[in-house]
Amino acid sequence: MLYRIEGPRSLIASIYTGSKLPKVIRPLSTSSTIRNKNLIRDYEQVSNVIYQNQDIGFYSTRPKRIVVAITGATGIAIGVRVLELLKQCNIETHLVISKWGMATMKYETDYNMEDVMALASKVYTARDVSAPISSGSFQHDGMIVVPCSMKTLAGIRMGFTEDLIVRAADVTLKERRKLLLVTRETPLSDIHLDNMLYLSRMGTIIFPPVPAFYTKPRTVEDIIEQSSGRILDCFGIDTNSFPRWEGVKNTKTLK
């Protein structure tokens, strides 16, 4: 049934979410629509407004949602910082930490596991392959594996879904959602490179945590901040937490 809007167009949301229609909106019969061209024009305007604004909430009532996985590769601090930034941006996060991710966290950092888990909206064990994020029906806006071990990389490439991390990544790929892997290994063998190239051709973002020195970092935290911010750039999330390249400002550099 068609509806004519006789008030602000913000009321379109009421139509789209199926909520109870306010009194200012009244249904139009098919015959009245045919007789009155103005009503048809009004309906077309409403349809266009809904289409043009689908990215600002008319089509979706759920929050922005990112799946984060932490594996046993070195560089756990980047994964933790990504979680902190996502929380600061009020983005819902679903976290999975592998057994070796937990072990590496204890070895590399002073982070408390409970504090890290508190950064996420939901936390799952890697063994829980029945978790919501293992299904394509669970909607999210992308997945970040940070850091990503070469074992996890190989498992994702082969579709060997032995744990929740690889299963969630596998689902992300099949649903054509964004997947970013912060692959951490050096030097790289032909096997590593071939796995990364294969997944890159499928649309996966391969993001080795290579520091940018044009920002003139003074501490390890500066490097972590820049890497974490650039990771979230790939999901359209601007943290405004690190300096960006603005061109060469020192004229002596060009001489």
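**Exercise 1. Decide whether Lys151 is buried or exposed, and find its salt-bridge partner.**

Solution. Lys151 has a relative accessible area of 60% in this predicted model. The cut-off for exposed is over 50%, so Lys151 counts as exposed. Next, look for a carboxyl partner. Lys151 forms a salt bridge with Glu162, and the closest N and O atoms are 3.7 Å apart. Lys151 belongs to helix 7 (residues 150–158) and Glu162 to the loop between helix 7 and helix 8 (164–174), so the pair ties together parts that are 11 residues apart in sequence. Glu162 itself is partly exposed, at 46% relative accessibility.

**Exercise 2. Find which parts of the chain the salt bridge between Glu225 and Arg81 ties together, and state whether its two residues are buried or exposed.**

Solution. Start with the contact: the side chains of Glu225 and Arg81 meet at 2.8 Å, N to O. Then place the residues. Glu225 lies in helix 10 and Arg81 in helix 4 (residues 76–88), so this salt bridge ties together parts that are 144 residues apart in sequence. Last, check the accessibility against the limit for buried, which is under 20%. Glu225 has 14% and Arg81 has 17%, so Glu225 is buried and Arg81 is buried as well.

The count for the model comes to 11 salt bridges. Another joins Glu175 and Lys174 at 2.7 Å, N to O. Glu175 is partly exposed at 31%, and Lys174 is partly exposed at 42%. Salt bridges also link Arg230, Asp233, Asp238 and Arg244 in a network.

**Exercise 3. Describe the aromatic pair in the structure and the surface around it.**

Solution. A search of the whole structure finds one aromatic pair. Its members are Tyr214 and Trp245, with ring centres 5.4 Å apart and 75° between the planes. Planes over 60 degrees apart count as edge-to-face, so this pair is edge-to-face. Tyr214 sits in the loop between strand 8 and helix 10, and Trp245 in the segment after helix 10, so the pair ties together parts that are 31 residues apart in sequence.

Now consider the surface. Tyr214 is partly exposed at 42% relative accessibility, while Trp245 is exposed at 53%. Together with Val248, Tyr214 and Trp245 make a nonpolar surface patch of about 340 Å². Pro243 is also found in the segment after helix 10, and its C-alpha atom is separated from that of Gln226 by 7.6 Å, although Pro243 and Gln226 are 17 residues apart along the chain.

**Exercise 4. Place strand 6 in its sheet and say where its side chains point.**

Solution. First read the strand order. The open sheet has six strands in the order 5-4-3-6-7-8, with parallel pairing. Strand 5 (122–125) and strand 8 stand at the edges, each with a single partner strand, so one side of each has no neighbour in the sheet.

Next take the partners of strand 6. Strand 6 (residues 143–148) runs parallel to strand 7 (residues 179–183) and is joined to it by four bridges. In this pairing, Met143 has Leu179 as its bridge partner, and Cys148 stands opposite Thr183. Strand 3 (residues 65–70) pairs with strand 6 over three bridges, where Val68 stands opposite Ile144.

Finally, sort the side chains. Met143, Val145 and Pro147 point one way from strand 6, and Ile144, Val146 and Cys148 point the other way. Six of the six residues of strand 6 are buried.

Definitions and conventions. Residues are numbered from 1 along each chain as its sequence is written. This is a predicted model: local features need pLDDT of at least 70, side-chain atom pairs count only at pLDDT 80 or more; totals for chains, interfaces and linings use all residues. Side-chain values use heavy atoms; hydrogens and water are left out. Patches are made of residues with over 30% relative accessible area and no salt bridge: like charges are joined within 9 Å, nonpolar side chains (Val, Leu, Ile, Met, Phe, Trp, Tyr) within 5 Å. Accessible areas come from the Shrake-Rupley method with a 1.4 Å probe; for residues, only the protein chains shown count as cover. A salt bridge is a side-chain nitrogen of Lys or Arg within 4 Å of a carboxyl oxygen of Asp or Glu. Buried means under 20% relative accessible area, exposed over 50%, partly exposed in between (1.4 Å probe, protein chains only). Rings of Phe, Tyr and Trp (its six-membered ring) pair if their centres lie within 6.5 Å; planes under 30 degrees apart count as stacked, over 60 as edge-to-face and the rest as tilted. Two strands pair if DSSP finds at least two bridges between them.
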